[in-house]
Amino acid sequence: MTSGFLAAIRILTKPLDEASVRDAQSSHQEALLAVLQNNRSLLLQQLQSESSLEEVKKLREEVMSSAGWFSTDPGDATWGFVQECLLLLLTLARHISNELKVFKLRSSSVARNPTPEFAPPLPPDVLSVTQQKTLRAALQFVVSLGLCPYLASGVGVPLSCRSAFGAMVEKLVRGGAVSAGGRRLLTTTNVLLQLAELSSLATLVFTQHLGDVMAALCQLGYQPPRGQRGGTEEEEKELSAEERGTCRAALKSILGKVYQPIVIKQLLILQGGARQSGAGSRAALGSAPAWLRRLCGQLLSERLVQPNGVQAVVRAVLEGGTGGESDWRKCDGVARILVACPQQSTSADSYYRQVCPQILQLLHFKDKLAAQQFQLVATRAALSMVQEKPSFAHQYLLTPLLQPLHRCTTASNESRDPAAVEEWELTRCVEDVYKIWVVGNSPSASLLKALEEVLPVVFTLYCFTKQNVSHLRAPCQDIVLWYLSHTEACEALSALRQLSGLKGQETEASDFIFTPGSEGGARFDSRENCSDEDDALYEKLSGEQWRLECLMHLLAELKDSDLPGDFFLELLQELTSWTAAADEVRTDEEELDVSSMTLLQVEQEVLGRAARQSLRLALLQVLAMMVESLQHSTLLRKPNQVVDFIVTLVQRACVGLDQVSESSPENPIESQTLSMGIGLVATLLSGPELGADDYSSMSRLLSPLETLSQNHSDVVVQQLASNLRAVIATHGAIRPEGLTAAAAQASRKPEATVKSNNVSSRRKKKIQTEGSESGTRPRSSPRDRNPPISPLITPPVTPGGSAAGRTPRAGRTSVPCSSTKPLSDWLLEACDPEVPTKAFALRNLTQMVQSGNPEVVQAQEKVLVLFLENLEHEDSFIYLSAIQGLAALADSFPERILERLLEDFQRGPSLPMSDRERSLETRLKVGEVLMRASRAMGELAPHLGRPLVGVFLQGTRDQDQSVRASCLSNLGELCQKLDYALGPLAQELSLCLTALIKTEKEAEVRRAAVHVIALLLRGLSHKTTQVLSDVLLDLYRALKWVLRSDPDEVTVLHAQLALEELDDVMRSFIFPEQKLEKKIVVLP
């Protein structure tokens, strides 16, 4: 039985009682020797006397007879003890092997007829926890006394560095002369290898003593012969070549079978590790001999280049880490190891060809615990390789990594697979690029160059993900932003031109497009042919527009970068160069003379013209998109960028002077742009404490300002340009008076010709005869709309909402100043043809009405006529201001104003200059005024609302459906305020609503009628059962009829909402809220 063999081993390894060795315990070494001798004597004695150990004795003698290394008189107590341990371990191994053979024979015969209740028998090599503990003790004695003491200096970890007991054992064994240390080491190692042939015993051997076995095999198989180190002739013949070869083969077998991270960890320990400061660490790991260090380096290199070797190395170094600073340093150290080509490698090319794919595999781990460290090692290794070995990194690392993105540009329809790049490939590629480029964040020329080649594809993928819900959107955005932030300015500008389509290069295969993937990613699939040319053109134009919008979104993210402003200024400079080349533009617009040209020349000329015109349109489109999408603080962050912008404007104006003088009249947009630029210069020069650097940057304006002062047709502009040039040239020493005011006047001058109104003169004359003479009219408010100017240059130069040229007069448009200006001035400005001025005057008049201004009270008829006139204005800002003013008048003077408004609502506008063709539109606007007035009545609604109810009920029979719907809407707003005054009108109102619900053909009117019922129920609330008691059933039936019969879904929805309101009312009526209150009743 196995228990007998383990009992014998227990006798040999059992420690004696303290009393039995007290007399011999003069020192620890002597006490240990006494224990070993006593245990060995006790074992031999019990083997002879105990019948239970008869089988052990018999099998031990068989093993002893076959073991040529056993000596009955070893002459050394420790080696004698080790011999007994080895004999017993081999005896146990032979016994287990015999039992396994018998077990296999029995299990094969029993397994032929298994039953449902049959349980598989337990193999004989399964050991209990106690038995394993006994075997571990025996193995520890064997390794400590029979293996480690015979290792050469520096081979393996010395016993003295493991524990205090190990130091004592080391002194005990090495205290005597050992003449056959190599032979004893070979004997112990061979026995341990024989034990490892059984799986149950191999686990016990290798889990605790793998490093010692490997150290012994390295010394036995690879240590240089002693003759080379000056040994005697007897020692040279200690180990034969065959024995050394056997040890090498055994070492190779172990390295191939054992878990690779453990093997690599043990090899690193054997190699000695990095030389560190401190005597303890150097004595432990820093004293390995040269031959062992070379051997371990070679073995580690072999482990590294084999399949999954890089992963094994990383696991060996990082397993058991806590994620602290030490782990980060370990990751960086492993990365440097992977990048450095070992000396034992045949060639650097073969090494990197095998290692680089494994580095990329480290990026794809799914295990969350190990993925972070693996990705860190892979990222650091990739970045280090790019810096130290750029050629190998590009060939074996970057090119395979970016291959899916490269295939997007080279895909063709020749392959049978419709998908050029699968979803998983594209997802993995984008994630790898994000980890190495963005997370690694170590920009270099090689990395930027490699990313530049695929940047258009990444941007196209980003544009696609912006249209869908995809997890690739954020990585693609970060990749593009990282490149634009870290590359050189010229390269970034070139990339932006390419992404915006100004280079005219195809970035992806024309026959393929990105399509949604099944897992939230994207695939690169073949495009379906579009038969309709119009659809194809629309798809192309909409795609280009979407790309520009996405590019503007990316530029908006670069808030702390000068790149958007530099790109904007570069495009403006190019636009200026086109203005200078006006002859070429006119030539492209003229009809082509083909009389003296060949067909090839005609084709080249036509294509060239088309390309140039397309480029000009693309440039204008990009500029317009930048101005519309980006804030001025993003485009022009720094003062020098503002100066560059002004220089571009003034240069364009100087270029246009010759063209204006030659053939065409002055362009108002160009004139206004020039005026705005001059105003900006004057505003900058009027700033406090301008330094020498500011004047130095403005010195580029000297030449164009001189050109303007000499050649411009306007004397005011000439004088202003001359004054500005003097201020810049003298660094502010000469500063003419009124410089800023003159600039503001020049910037306002082009606005006078923007719009004219044929009715404004009559209105102004009429008001002038009735009021006093007015002064100059104010300019538009910063919160109003700016007059129409060039869209390419407005946003960057209007910070705060107003142009720089209007700064001196901005105070005149503020609300507090309205009280200091007479009513006649506001009436005159309300007739101004300019929309901002007119709207601002109307708003001020409305405020004066609301505040009860005495002048307005006396001139309420004039104000009413003015608001009614502007009610017909085509601009929404004007007529909405008039609506607001009329509502304020109706709230302040209800009897007079409501009567006039009701008359206009019923019969149309009553003013003599009103446009009869737009009568319906004006009536609807008056209806909006009446609705606002109804909301503002409050408790006066029962008194003032009766005439309005009659007019609105009559309006429900109007011929136009819009008027009917407007009347019903106003009726609902008014009836919410009437409360009990609605009682006499309930029957009439109910009949009108039920008739409209059942007979009206227009769905819009039916919706309004049902909505009136909902508003009635909501406004009356708990009063509903009292006010509408006679008609409540009719209204309920009408709502139910809508639910059953009305085809319009919106009407049905309104009916459902009204029924919910009715349900709440009836529930509160039938089940009133319980209140704990006391009632006092006065008896008669």
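At 44% relative accessibility, Asn308 counts as partly exposed in this predicted model. Asn308 lies in the loop that runs between helix H13 (290–305) and helix H14 (309–318). Although Asn308 is not a glycine, its phi is positive, at about 60°. Most residues other than glycine have a negative phi. A second asparagine, Asn441, likewise is not a glycine and has a positive phi, of about 50°. Asn441 is placed in the loop between helix H20 (423–439) and helix H21 (445–466). With a relative accessible area of 43%, Asn441 is partly exposed; this assignment follows because the value falls between the 20% limit for buried residues and the 50% limit for exposed ones.

With regard to the chain as a whole, the secondary structure comprises 49 helices and three strands. The chain contains 1084 residues, of which 46% are buried. Among contacts with a separation of 6 or more, 73% are accounted for by residues 24 or more positions apart. The surface exposed by the chain amounts to about 55,500 Å², and carbon and sulfur atoms supply 51% of this area.

One of the strands, E2, spans residues 512–516 and includes Thr515. Thr515 has a relative accessible area of 17% and is therefore buried, the cut-off for this class being under 20%. When neighbours within four places in sequence are left aside, the residues in contact with Thr515 are Phe464, Gly521, Ala522, Arg523 and Asp525.

A further loop position is that of His364, which is located between helix H16 (348–361) and helix H17 (368–388). Not counting residues up to four places away in sequence, His364 touches Arg428 and Asp432. The C-alpha atom of His364 is separated by 7.9 Å from that of Gln375, a residue 11 positions away along the chain.

Charged residues at the surface were also examined. Asp532, Glu533, Asp534 and Asp535 form a negative surface patch. Within this group, Glu533 belongs to helix H24, which covers residues 533–557. The relative accessibility of Glu533 is 68%, so Glu533 counts as exposed, given that the exposed class requires a value over 50%. Glu533 thus stands in contrast to Thr515 in accessibility class, because Glu533 is exposed whereas Thr515 is buried.

Methods:
Residues are numbered from 1 along each chain as its sequence is written. This is a predicted model: local features need pLDDT of at least 70, side-chain atom pairs count only at pLDDT 80 or more; totals for chains, interfaces and linings use all residues. Side-chain values use heavy atoms; hydrogens and water are left out. Helices (H or I, at least four residues) and strands (E, at least two) are DSSP runs, numbered from the N terminus. Buried means under 20% relative accessible area, exposed over 50%, partly exposed in between (1.4 Å probe, protein chains only). Contact means heavy atoms within 4.5 Å. Patches are made of residues with over 30% relative accessible area and no salt bridge: like charges are joined within 9 Å, nonpolar side chains (Val, Leu, Ile, Met, Phe, Trp, Tyr) within 5 Å. Accessible areas come from the Shrake-Rupley method with a 1.4 Å probe; for residues, only the protein chains shown count as cover. A salt bridge is a side-chain nitrogen of Lys or Arg within 4 Å of a carboxyl oxygen of Asp or Glu. Lys and Arg count as positive and Asp and Glu as negative; His and the chain ends are not counted. The place of a charge is taken as NZ of Lys, CZ of Arg, CG of Asp or CD of Glu.
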